[in-house]
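Q: Please take a close look at one part of this model, its aromatic rings. Then work outward from there to the surroundings.

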Amino acid sequence: MSDPLFEKIALVGIGLIGSSLARVIRREGLARHIAITTRSAPTLARAEELGLGDSYSTDAKAAVKDADLVIVSVPVGSSGAVAVDIASALKPGAILTDVGSTKASVIAQMAPHVPAGVHFIPGHPLAGTEKSGPDAGFAELFENRWCIFTPLPDTDPVALEKLSEFWRRCGSNIDTMDPEHHDMTLAIVSHLPHIIAYNIVGTADDLESVTKSEVIKYSASGFRDFTRLAASDPTMWRDVCLHNKDAILEMLARFSEDLASLQRAIRWGDGDKLFEMFTRTRAIRRSIIDAGQEVDVPNFGREAIEHPAKG
């Protein structure tokens, strides 16, 4: 096992991402001490029952004291409040990062409160499932997934490399982006699919001609795959929509234009256009598998996701 990268890592928030980090930090020996903090006493108690950390507190300031790395894993709308709360307790030289799905908003919320001498490096691991809470995490969550950093102009390269090495040891590939570019990219590859899934599932539930029993009965068709996305944490996705509003609205507008074109092709019986589109999108699926971001096994790899191998 490699020497620990950090003496103490503080995890602010212990949901899916935080609890997965706790498990992989322990497995890989990335820290000598894992401090866990969350506002919810029952959630904190469950994290302690699971043995995810070495110390537990509902007081975030106490938890981050003397931490070399602080990882904020909360809904993006709460990022600013967390920064205000912990700022005075962060030690000089510490690295402060986050895992939020929007970056420009998180930077605007957190950066003004980061003390001089603390290295604030916004980050986003592109990994997750539709489940949440400390029981949902698993150490393999980040393997062969991307972790994207959106460094500020004055980011210390040594601190960035150390944080990059941390995520590499968690199993991730590393990339960097401008915050606005990140937010636009994630709007199409993550945010829009979730919004569409929420909307389709809601529409199916609202249709008076389709009873709820029929929706469940026939859910082995494509509808079931939408329900996986639509089961994601509502607080997180509310905040994503509110804090990446411009990029999401831009992607929704483009999607609406493409949907109108598809609608015309169906209405006018343009089979060539439909075949061309479905062939192109099928090739995209193949490229995702070739890039190692999906597994080419039956049932969309659902068993691999729900029952990951335990190390």
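A: The rings come first, then the sheet, two loop residues and one helix.

This is a predicted model, so local features need pLDDT of at least 70 and side-chain atom pairs count only at pLDDT 80 or more, while totals for chains, interfaces and linings use all residues. Residues are numbered from 1 along each chain as its sequence is written, and side-chain values use heavy atoms, with hydrogens and water left out.

A pair of aromatic rings is described by the distance of the centres and the angle of the planes. Here, rings of Phe, Tyr and Trp (its six-membered ring) pair if their centres lie within 6.5 Å; planes under 30 degrees apart are stacked, over 60 edge-to-face, and the rest tilted. By this rule there are three aromatic pairs. One of them is F6 with F166: the ring centres are 6.2 Å apart and the planes stand at 70°, so the pair is edge-to-face. It joins distant parts of the chain, with F6 in strand β1 (residues 6–12) and F166 in helix α6 (residues 157–169), 160 residues apart. Helices (H or I, at least four residues) and strands (E, at least two) are DSSP runs, numbered from the N terminus. F6 and F166 are both buried. Buried means under 20% relative accessible area, exposed over 50%, and partly exposed in between (1.4 Å probe, protein chains only).

F142 and W167 make another pair. Their ring centres lie 5.2 Å apart with planes at 80°, so this pair is edge-to-face. It too links distant parts of the chain: F142 is in the loop between β7 (123–125) and β8 (146–149), W167 is in helix α6, and 25 residues separate them. F142 has a relative accessible area of 0%, so it is buried. W167 is buried as well, at 1%. Together, F6, F142, F166 and W167 form one aromatic cluster.

Now follow β1 into its sheet. Six strands form an open sheet in the order β3-β2-β1-β4-β5-β6, with parallel pairing. β3 (55–57) and β6 (119–121) stand at the edges with a single partner strand each, so one side of each has no neighbour in the sheet. Neighbouring strands are turned by 20° against each other on average, direction ignored. Two strands pair if DSSP finds at least two bridges between them. Strand β5 (residues 95–98) pairs with β6 in the parallel sense over three bridges. There, I95 has H119 of β6 as its bridge partner.

Next, the backbone. Most residues other than glycine have a negative phi, and most peptide bonds are trans. N144 is not a glycine, yet has a positive phi of about 60°. N144 sits in the loop between β7 and β8 and is partly exposed, at 35% relative accessible area. D66, also not a glycine, has a positive phi of about 70°. D66 lies in the loop between α3 (60–64) and β4 (69–72). D66 is partly exposed, with a relative accessible area of 45%.

Last, helix α10 (residues 234–243). Its buried residues are W237, D239 and V240. They span an arc of only 160° around the axis, which puts them on the same side of α10; the arc is that of the directions from the helix axis to the C-beta atoms. The face turned away from the buried side carries the exposed residues P234 and L242. Cover for the buried residues includes α7 (179–206) and α11 (245–267), where contact means heavy atoms within 4.5 Å.

Technical notes: Axes fitted to C-alpha atoms, helices over the stretch in contact; angles between N-to-C directions.
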